[in-house]
Amino acid sequence: MSKKDRWTEAEILLLPSGEHDYLERKAGDLINDKNFEKDLAKVVSALANSGGGFFIFGQKDDGSFDGLPEKRGRTPTREWLEQKLPHLV
């Protein structure tokens with residue numbers, strides 16, 4: 001798989017189901033969990049330690065989508081995550 005900036009739901013559904021060393025899925029409601037930063041740090045560290053991979057945020061383990069809020073406060077969620085991630089690892 002190659003790096004992509006944006007994925008469609010159809011492309012995500014074509015990814016292999018189940019757990020893999022290079023693919024992690026997390027439900028979107030994790031963003032509201034009190035342990036969000038800790039859990040996200042674990043995901044990012046695991047992918048980094050395994051040589052990289054893909055993190056699908058907003059898809060449950062059963063393959064259904066629950067999505068993410070469009071914004072966190074006034075900041076687009078994608079931008080908010082890009083600001084958060086470097087401080088978690």
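## Helix 2 and the nonpolar cores

Let's start with one well-connected side chain: leaving aside residues up to four places away in sequence, Ile31 touches Phe36, Phe57, Leu68, Pro69, Arg72, Thr77 and Trp80. Keep in mind that this is a predicted model.

Ile31 also belongs to the largest nonpolar core, whose 9 residues are Leu30, Ile31, Phe36, Leu40, Ala41, Phe57, Trp80, Leu81 and Leu88. Helix 2 and helix 3 each supply at least two residues of this core, and the largest share, 3 residues, comes from helix 2. A second core, separate from that one, has 5 residues, among them Leu15, Leu23, Phe54 and Ile56. As a general backdrop, nonpolar side chains in soluble globular proteins tend to be buried together.

Now to helix 2 itself. Its 14 residues, 36–49, should span 20 Å at 1.5 Å a residue, and the end C-alpha atoms are indeed 20 Å apart, so the two values agree. The residues on its two sides are as follows.

| Side of helix 2 | Residues |
|---|---|
| Buried residues | Phe36, Leu40, Ala41, Val43, Leu47 |
| Exposed residues on the face turned away from the buried side | Lys38, Lys42, Asn49 |

Why can we speak of one buried face here? The buried residues of helix 2 are Phe36, Leu40, Ala41, Val43 and Leu47. Viewed down the helix axis, these buried residues fall within an arc of 160 degrees, so they line one face of helix 2. What covers them includes strand 1 (23–26), strand 2 (54–57) and helix 3 (77–84).

Finally, just after helix 2, Gly51 adopts a positive phi of about 100 degrees.

Definitions and conventions:
Residues are numbered from 1 along each chain as its sequence is written. This is a predicted model: local features need pLDDT of at least 70, side-chain atom pairs count only at pLDDT 80 or more; totals for chains, interfaces and linings use all residues. Side-chain values use heavy atoms; hydrogens and water are left out. Helices (H or I, at least four residues) and strands (E, at least two) are DSSP runs, numbered from the N terminus. The expected span of a helix is 1.5 Å times one less than its number of residues. Buried means under 20% relative accessible area, exposed over 50%, partly exposed in between (1.4 Å probe, protein chains only). The arc is that of the directions from the helix axis to the C-beta atoms. Contact means heavy atoms within 4.5 Å. A nonpolar core is a set of buried Ala, Val, Leu, Ile, Met, Phe, Trp, Tyr and Cys residues joined through side-chain atoms within 4.5 Å.
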